[in-house]
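Work through the following exercises with the sequence and the structure side by side, and try each task before reading its solution.

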Amino acid sequence: MRYKITLSYDGSGFCGWQSQKSGGSIQDAVEFALEKLTGIKTRVTASGRTDAGVHALAQVAHFDIEKDLTEKTVIGGLNAYLPRSVRVLAAERANDNFDARKSAKRKTYMYLMYRGSELPVLSGRALCIGDNVNVDAMRDAARFLAGTHDFKTFMASGGGAKTSVRTVYDTRFEDDKFFVKFYITANGFLYNMVRIIVAQLLKIGKGGNIDMRELIALCDRNNAKELAPPDGLYLYDVKYE
């Protein structure tokens, strides 16, 4: 039987979602909790691999196990064995052809920033950008990301993607004069793609003379070497229809 779960986590203390030989991944924590709950060692597959320090508001994953588990049992049981930084929000029985990674149609990431002085309470969870950032300029530049493009300029090495072509459906900013939230929705993301994009948008917001259309067309990471910290990056939503 296949189960679908939705998780939220603070990625600050983890090496990312994907299991590593050294341990310390979110996947390890979830699989440990599942084994403690069911007594069966079980593989858990997520919609995507969030990197070290990256958070999730709604990561989706699935697992197969020959046990009849209720939603309440999965949520309560897993949360009882998970660290407080990882929570299961929802659980349901899924069709056997559902695949948390392969069935995903679009994903949304949010990058959280804030103005003013650096605040310890937001350390590791949002990026301090000071006061002199032109969000309107960032918004104008981000709109050129929409569409189907070769995003090689915004792909770090080591990701292993077969193609760097992706379709960005939407970008938007929310700005309440303290928090600045950047949202980007696409059919998939390349390794470090959002963090590289955010780094370029911040350069534009701080007065940099950068043409986003030209950056895309160049298909060359050497023209976008900066990488925004993982602190403010959140997997925000995953859609399957």
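**Exercise 1.** Is Cys219 buried, partly exposed or exposed?

*Solution.* Keep in mind from the start that the model is a predicted one. Begin by finding the residue, which lies in the loop between helix H5 and strand E10 (233-239). Next, take its relative accessibility, which is 26%. Buried means under 20% and exposed means over 50%, with partly exposed in between, so Cys219 counts as partly exposed at its 26%. As a last step, look at the backbone: Cys219 has a positive phi of about 50 degrees, although it is not a glycine.

**Exercise 2.** Find Lys177 and state whether it is buried or exposed.

*Solution.* The search leads to the loop between E8 and E9, where Lys177 is found. Its relative accessibility is 65%, and Lys177 therefore counts as exposed. The backbone again deserves a look, since phi of Lys177 is near 75 degrees, a positive value in a residue other than glycine.

**Exercise 3.** Describe which residues of helix H3 are buried and how they are arranged around its axis.

*Solution.* First list the buried residues of the helix, which spans residues 135-142: they are Val135, Met138, Ala141 and Ala142. Then look down the axis of H3, where these buried residues fall within an arc of 120 degrees, so they line one face of the helix. The third step is to ask what they pack against, and the partners are E5, strand E8 (165-175), strand E9 (179-186), H4 and helix H5 (212-218). Finally, inspect the start of H3, where a side-chain oxygen of Asn134 comes to within 3.1 Å of the backbone nitrogen of Asp136.

**Exercise 4.** Determine how Thr171 is placed and which backbone atom its side chain reaches.

*Solution.* Thr171 has its place in strand E8. With a relative accessibility of 16%, Thr171 counts as buried. Its side chain reaches the backbone oxygen of Ala142 at 3.3 Å, and Ala142 is itself one of the buried residues of H3. When residues up to four places away in sequence are not counted, Thr171 touches Ala142, Arg143, Leu145, Phe182, Tyr183 and Ile184.

**Exercise 5.** Work out with which side chain Asp10 makes a polar contact, and whether Asp10 is buried or exposed.

*Solution.* Start with the position of Asp10, which is in the loop between strand E1 (2-9) and helix H1 (26-38). Its relative accessible area is 18%, and Asp10 is therefore buried. The side chain of Asp10 makes a polar contact with the side chain of Arg125, at 2.7 Å. To complete the surroundings, leave aside the neighbours within four places in sequence, and Asp10 is then in contact with His55, Ser85 and Arg125.

**Exercise 6.** Two residues lie in the loop between H1 and E2, namely Arg43 and Ile40; describe the exposure and the contacts of each.

*Solution.* Take Arg43 first: its relative accessible area is 53%, and it is exposed. Arg43 and Phe63 are 20 residues apart along the chain, while their C-alpha atoms are separated by 6.2 Å. Apart from residues up to four places away in sequence, Arg43 touches Gln18, Ser19, Gln27, Glu31, His62 and Phe63. Turn now to Ile40, which is partly exposed, with a relative accessible area of 34%. Leaving aside neighbours within four places in sequence, Ile40 is in contact with Leu34, Glu35, Ile65 and Lys67. For a separation across the model, note that Ile40 and Gly116 are 49 Å apart in space, C-alpha to C-alpha, and 76 residues apart in sequence.

**Exercise 7.** Characterise the largest pocket by its volume and its lining.

*Solution.* The volume of the largest pocket is about 1000 Å³. Its lining is made by 34 residues, and those nearest its centre are Gly48, Arg49, Arg101, Lys107 and Phe189. Strand E2 (44-46), strand E5 (106-115) and helix H4 (193-205) are the elements that give two or more residues to this lining. Sorted by class, the lining has 14 nonpolar, twelve polar and eight charged residues.

How values were computed:
Residues are numbered from 1 along each chain as its sequence is written. This is a predicted model: local features need pLDDT of at least 70, side-chain atom pairs count only at pLDDT 80 or more; totals for chains, interfaces and linings use all residues. Side-chain values use heavy atoms; hydrogens and water are left out. On a 1 Å grid over the protein atoms alone, a cavity is a set of points where a 1.4 Å probe fits but cannot get out, and a pocket is an open set with protein on both sides within 12 Å along at least five of seven lines; lining residues have an atom within 4 Å of a point. Grid points are joined across faces, edges and corners, and a volume is the space filled by probe spheres set on the points. Helices (H or I, at least four residues) and strands (E, at least two) are DSSP runs, numbered from the N terminus. Ala, Val, Leu, Ile, Met, Phe, Trp, Tyr, Cys and Pro count as nonpolar, Asp, Glu, Lys and Arg as charged, and the others, Gly among them, as polar. Buried means under 20% relative accessible area, exposed over 50%, partly exposed in between (1.4 Å probe, protein chains only). The arc is that of the directions from the helix axis to the C-beta atoms. Contact means heavy atoms within 4.5 Å. A polar contact is a pair of N or O atoms within 3.5 Å; within protein, one must be able to donate a hydrogen and the other to accept it, and residues adjacent in sequence count only if both atoms are side-chain atoms.
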